[in-house]
Amino acid sequence: MTVHSNPVSATLPTLDFSRFHGPDREAFIAELLDVLHDHGFFYMTGHGVSPQLIADVRAAAKRFFALPLEDKLEIEMVKSPHFRGYNRAGVERTRGQQDWREQLDVNTEGEAVALQADTPAWKRLFGPNQWPSRQPELKPLLLEYQAEVTRVGLDVLKAIAVAIGQPEDVFASIYEPQPSQLLKIIRYPGRDVAETDQGVGAHKDGGFVTVLLQDTTPGLRVRTEDGVWIDAPPVEGTFIINTGELLELATNGFVRADVHDVVAPPAGVERYSIAFFLGSRYDATIPVIELPEALKTKERGITVDPLNPIFREVGQNHLKSRLRSHPDVARAHHADLLPSEERNAPAN
Ligand SMILES: O=C(O)CCC(=O)C(=O)O
Ligand SMILES: [Fe+2]
């Protein structure tokens, strides 16, 4: 990965979401609309999540990564057909390149679906999370946090709907009663330990919106439409919100899902983040929303990444991205879905 210099000192905009629920709503919506079209990336204040919960979740995430390796490997993702659990650094891939971060993936807590010959493959995504037996407080804390950031994400989604001239609940038919949820606690080791400076490679997120909680170490960068990379350093009290490909597709490219990446921190420094990805139900098909005339003229259309094609069928799309990001899980549990040359490939 090339580490680009930063030729302009641009920063992402900040939006105070308490304005969406107050007298200033109209001006707020107009600002949001500009941000959606320019970047689909902003700092959010006024989100209403308790600072105590945030502090508790951050501390618990650090305690999890500090556990002995064998306690983390107890819940290694390769043990879960549902792509839940812990991954060591170097296991995950973005567009075929190795990322360098360790992480725990949590999802909606559920039960596995009994698979019949005609069961859609994406139903394999449903199932239980894996939790570390050495850290019993992690489960209730992360599930509470997941519920909170789901509330935040749905509030953002409603504001987005209004901004693009639609009823607040225009997406409800594809996320009710249970949107897809993916919560990741992440640790990026310093460059002295990492085998690459790619913390996570350049990508767009897939779903409706991402609610990202950074800690204190920078590393996140966002690529704007003119190809300039801008830094998105942590700002205490904020979340970074970014829109995913689902919204880009649904608005024929009016809403932008900026590409972003994370550069591994310098030697001796580590970086923590907690990312939450909110998506529609897996059985949904992404609609095309008829935008008002004034916005329609600013639609960009959809560009397809040949290394990461996207389908309008949400479950199929999500399963495809999980199979690509986690080839070890794919080989262990879903070999029947892989092209024959990938079935027996050596790990990494
Ligand atoms: O760790 C971060 O700050 C961002 C991670 C990210 O972009 C992702 O996991 O999709
Ligand atoms: Fe991302």
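**Exercise 1. Place a residue pair in its sheet.**
Glu 102 stands opposite Arg 187 in S7. Find which strands pair here, and where they sit in their sheet.

*Solution.*
Step 1. Strand S6 covers residues 102–107 and strand S7 covers residues 180–188. They pair in the antiparallel sense, over six bridges. Two strands pair if DSSP finds at least two bridges between them. Strands (E, at least two residues) and helices (H or I, at least four) are DSSP runs, numbered from the N terminus.

Step 2. S6 and S7 belong to an open sheet of eight strands. Its order is S1-S2-S12-S9-S14-S7-S6-S3, and the pairing is mixed. Strand S1 (14–16) and strand S3 (85–87) are the edge strands, each pairing on one side only.

Step 3. Neighbouring strands of this sheet are turned by 25° against each other on average, direction ignored. Axes are lines fitted to C-alpha atoms, for helices over the stretch in contact; angles run from 0 to 180 degrees between N-to-C directions.

A note on the source: this is a predicted model, in which local features need pLDDT of at least 70 and side-chain atom pairs count only at pLDDT 80 or more, while totals for chains, interfaces and linings use all residues. Residues are numbered from 1 along each chain as its sequence is written, and chains are lettered from A and ligands numbered from 1 in the order in which they are written.

**Exercise 2. Describe the helices on the sheet.**
Which strands do H2 and H4 meet, and how do the helices cross?

*Solution.*
Step 1. Helix H2 (residues 51–66) packs on the sheet. It touches S6, S7, strand S9 (209–214) and strand S14 (271–279). Its direction makes about 115° with that of S14. Contact requires C-beta atoms, placed from the backbone, within 7 Å.

Step 2. Helix H4 (residues 138–163) lies across S6, S7, S9, strand S12 (239–243) and S14. H4 runs at about 130° to S9.

Step 3. The axes of H2 and H4 come within 10 Å and cross at roughly 135°. H2 is therefore oblique to H4. The classes are: under 35 degrees roughly parallel, over 145 roughly antiparallel, 65 to 115 roughly perpendicular, the rest oblique.

Step 4. Now list the contact. From H2 come Leu 53, Asp 56, Val 57, Ala 60 and Phe 64. From H4 come Leu 138, Leu 141, Leu 142, Glu 144, Tyr 145 and Glu 148. These residues divide into eight nonpolar, no polar and three charged. Ala, Val, Leu, Ile, Met, Phe, Trp, Tyr, Cys and Pro count as nonpolar; Asp, Glu, Lys and Arg as charged; the others, Gly among them, as polar.

**Exercise 3. Trace the four-stranded sheet.**
Give its strand order and the bridge partners of Arg 221, Arg 223 and Leu 220.

*Solution.*
Step 1. The sheet is open, with order S8-S13-S10-S11 and antiparallel pairing. Its edge strands are strand S8 (198–203) and strand S11 (229–231). The twist averages 25° from one strand to the next.

Step 2. Strand S10 (residues 220–223) pairs with S11 over three bridges. Arg 221 partners Asp 231. Arg 223 partners Trp 229. The S10–S11 hairpin has five residues between the strands, and Gly 227 takes a positive phi near 85° there.

Step 3. S10 also pairs with strand S13 (residues 259–263), over four bridges. Leu 220 partners Val 262.

**Exercise 4. Judge the confidence.**
What is the average pLDDT of the protein chain, and where is it below 50?

*Solution.*
Step 1. pLDDT is the predictor's confidence in each residue, from 0 to 100. The protein chain averages 93, and 95% of the residues score at least 70.

Step 2. Residues 1–7 fall below 50. Where pLDDT is low, the predicted coordinates should not be read in detail.

Terms used
Contact = placed C-beta atoms within 7 Å.
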